[in-house]
Amino acid sequence: MNEIAAKTQDLLEWPRLCQHLATFANTKLGLEAARNLAIPATQTASSDLLEQTEAVYTLEHLRHTSLSFDGIHDLAPALERASRQGILGGEELLNIATTLAGARNLRRLIDRQSDCDCLQELVAPLRTYPELEQEIHRCIDEQAQVADRASPQLAQIRDRQRQVRDQVYRLLQNLLQRRSNAVQESLITQRSDRFVIPVKATHKDLIPGIVHDTSASGATLYVEPQASVNLNNQLRQLTRQEQIEAEAIRRQLSQQVEAVVPDLAELLEIVTALDLATARARYSTWLGGNRPRFSDRATETLTLRQLRHPLLIWQQQHEQGPDVVPIDLVVQPHTQVVVITGPNTGGKTATLKTLGLAALMAKAGLFIPAREPVELPWFDQVLADIGDEQSLQQSLSTFSGHIRCISQILNSLQVGPALVLLDEVGAGTDPTEGTALAIALLHDLADRAALTIATTHFGELKALKYQDPQFENASVEFDQASLAPTYRLLWGIPGRSNALAIAERLGLDPAVIQQAATYLGGSSDQVNQVIAGLEAQRQNQEARTQAAAQLLSQTEQLHQQISAQSQKLKAREQQLQQEQEQTVRAAIAAAKAEIAQLIRQLQQGPQTAQAAQQASQALDQVTDQFLPSRQKPAPQPSFQPKLGDRVRIPSLGQTAEVISAPTSEGELTVRFGIMKMSLNLADIESLTGEKAQPIAKPKPAAIAQPQPPPPMIRTSQNTVDLRGSRVAEAEEVLESAIAHAIGPLWIIHGHGTGKLRQGVQEFLKQHPSIDRYEFAEAADGGKGVTIAYLH
């Protein structure tokens, strides 16, 4: 990064934005990376970062799955020591194990997701060495100390330590009890890692031993009794042996870590990239940002609508700052230079910084706080000259500082597209020369930079738009009523400095202001009047647009309400239909059950055709009562027009008086005004909207319909089984059955050779009581059964 690019980031307060981003990081590594956020040098790298940001956003906000970085630590110092064959401490080894586990959990979570190719590609090289993690946990306990289970030798040493320590305690406890008058208190403590007891200075001869310490008052001596010296020596030796064995175990683990240092370093890079992607996604969500799309500057429009300054959003949310006023930046492809004019404190410089930060955020993989669609080019460089460059130490005036900065910008312009931001271009010197220099500079930048945004108070720069199509005007709005800026950016209209109005608002002597107005000249006043007229037209157009938008919103809301009501009505109609169908089904089921019961009764006792007929009529009654298709429609409200009634003729939109009663064909005569007209009843309605009732015509006499025959029901009483009988025997049985039959007769003769069937049917054909006969249905036996019908 060259000097002017780094200086631009400071001018745009990029480090401050990085500090805000760092608050959304989860790990120490992510925190440091966010504070020193690197900006990619290629559009491909920026697009990859945006893909990662969107993938994390999708995981957390659409799938409600959060990436957890629990257990992740900064292992850089430990890996550096291990690579130099150093011995790692227990806490460092434990941090390596938990980091391996945390990275493995992250990879498993990402691998389970679909449509997260960019994140899966990021974690694919991860090597988490579960065997190393398990070995560390076996040897190092939760307190980061070498565990007894690490080696048998260490377990033996510590077991011996406990035994010796217990011996020391027992010995000293006995001594405290026997020499209680010589001790200051019944306490066993340590000095220089040796067990001692507090002895009164006046009784030191009663407990001979080595004095290791004295109290501040000198009244207490901390003595190691002579009897415990050998035990304390043994304990010191065992402690040293324990340290040597624990160090050997940690050395062995450190050597295992050293063997995989490159993979662990790559793991830290991947985890840091994931943490950065998570921080970018969460920060972008907090800003209410949308993903930008890199557009082609030569053919596509730069579109940033309702763009808000991210630092002002933070100030509003966390520092009780004022509401952020969004701006609209829409730059056409043919526009190379935008000249922003308007009063001081109106928001010109804030506009430059907002655009500059938006370009850097897009390059760094952050979403932009603007309304969709968010489309801007990928600028190879973002270069700015903002603020006062005056420096007493370097003997630079304001003008000299600006020129030096602009020279650096011109020298830094490369082949790639650049965004140049210039604040108060040409200021700080003679207005005439400054204007000439500014015009020449902007023309040069129009040919060399992808886009240049410049603020100025020079009126001559406003005219560049009308001389060169590469230039465009914009201005910051000024409220003439309150004499205060609104911080809104207006396009296509040059602004007025409003210096006299602002001076008046700030309390300058009115006489001085009036005198200054006389020096402006008529041409300047005419220009200001033209600009004021344009602003008035724009405000009027905006008011109409807002009214139209409000009307459209109300229409859409009404449409939504009507649609919702329609949906409710349809749902209610479906519910009523379902309830009606359920009622009909229940009634039919009850009728079927009743018929089934009647059939069972017919099968079990003497049957009559009248009973079957009654059952059939009952079923017809249930069907007529409950089926919707057989129900009579509810009567609609209607009226019968009489002589002298007032009626409405919908086709003419007129009301008329009935002057003749309706004929049998439904014709009647009405009068409205001086006109008379013959109409049909269908052409009129009452004043309340009721349709006319048609004239009832006499119905022809109903022709008696023959009653349908009762249903045939097969029972044991009307069934004759002739199987196995001879023809002669069968004729005797049939004669008896026909004599007692009161309905159809089922005759079972079977299939066999067909002789019995032929004999039965010959007998039936000649019998005077038989009207006809036929084979039964397949379900009743088919050609093995003959049904005979009596006269």
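## Starting with a helix

Which strands does helix α10 (residues 229–259) lie across? The strands under α10 are β2, β3 and β4, and the helix runs at about 145° to β2. Keep in mind that this is a predicted model. Let's look at the sheet those strands belong to.

## The sheet

Picture 4 strands making an open sheet, in the order β1-β2-β4-β3, with antiparallel pairing. At the edges you'll find β1 (189–191) and β3 (209–214); each has a single partner strand, so one side of each is left without a neighbour in the sheet. From one strand to the next, the twist averages 50°.

Now zoom in on β2 (residues 194–200) and β4 (residues 220–225). These two strands pair in the antiparallel sense over 4 bridges. If you want to find one pairing by eye, start at I197: its bridge partner in β4 is V223.

## Another helix on the sheet

Helix α9 (residues 152–178) packs on the sheet too, where it touches β2 and β4. The direction of α9 makes about 10° with that of β2, while α10 runs at about 145° to that strand.

## Zooming out

Step back to the whole chain, and you can count 21 helices and 24 strands. The chain has 791 residues, and 40% of them are buried.

What about contacts along the chain? Taking those with a separation of 6 or more, 66% come from residues 24 or more positions apart. As for the outside, the chain's accessible surface is about 43,800 Å², and carbon and sulfur atoms account for 50% of that area.

Methods: Residues are numbered from 1 along each chain as its sequence is written. This is a predicted model: local features need pLDDT of at least 70, side-chain atom pairs count only at pLDDT 80 or more; totals for chains, interfaces and linings use all residues. Side-chain values use heavy atoms; hydrogens and water are left out. Two strands pair if DSSP finds at least two bridges between them. Axes are lines fitted to C-alpha atoms, for helices over the stretch in contact, and angles run from 0 to 180 degrees between N-to-C directions. Contact means heavy atoms within 4.5 Å. Buried means under 20% relative accessible area, exposed over 50%, partly exposed in between (1.4 Å probe, protein chains only). Accessible areas come from the Shrake-Rupley method with a 1.4 Å probe; for residues, only the protein chains shown count as cover.
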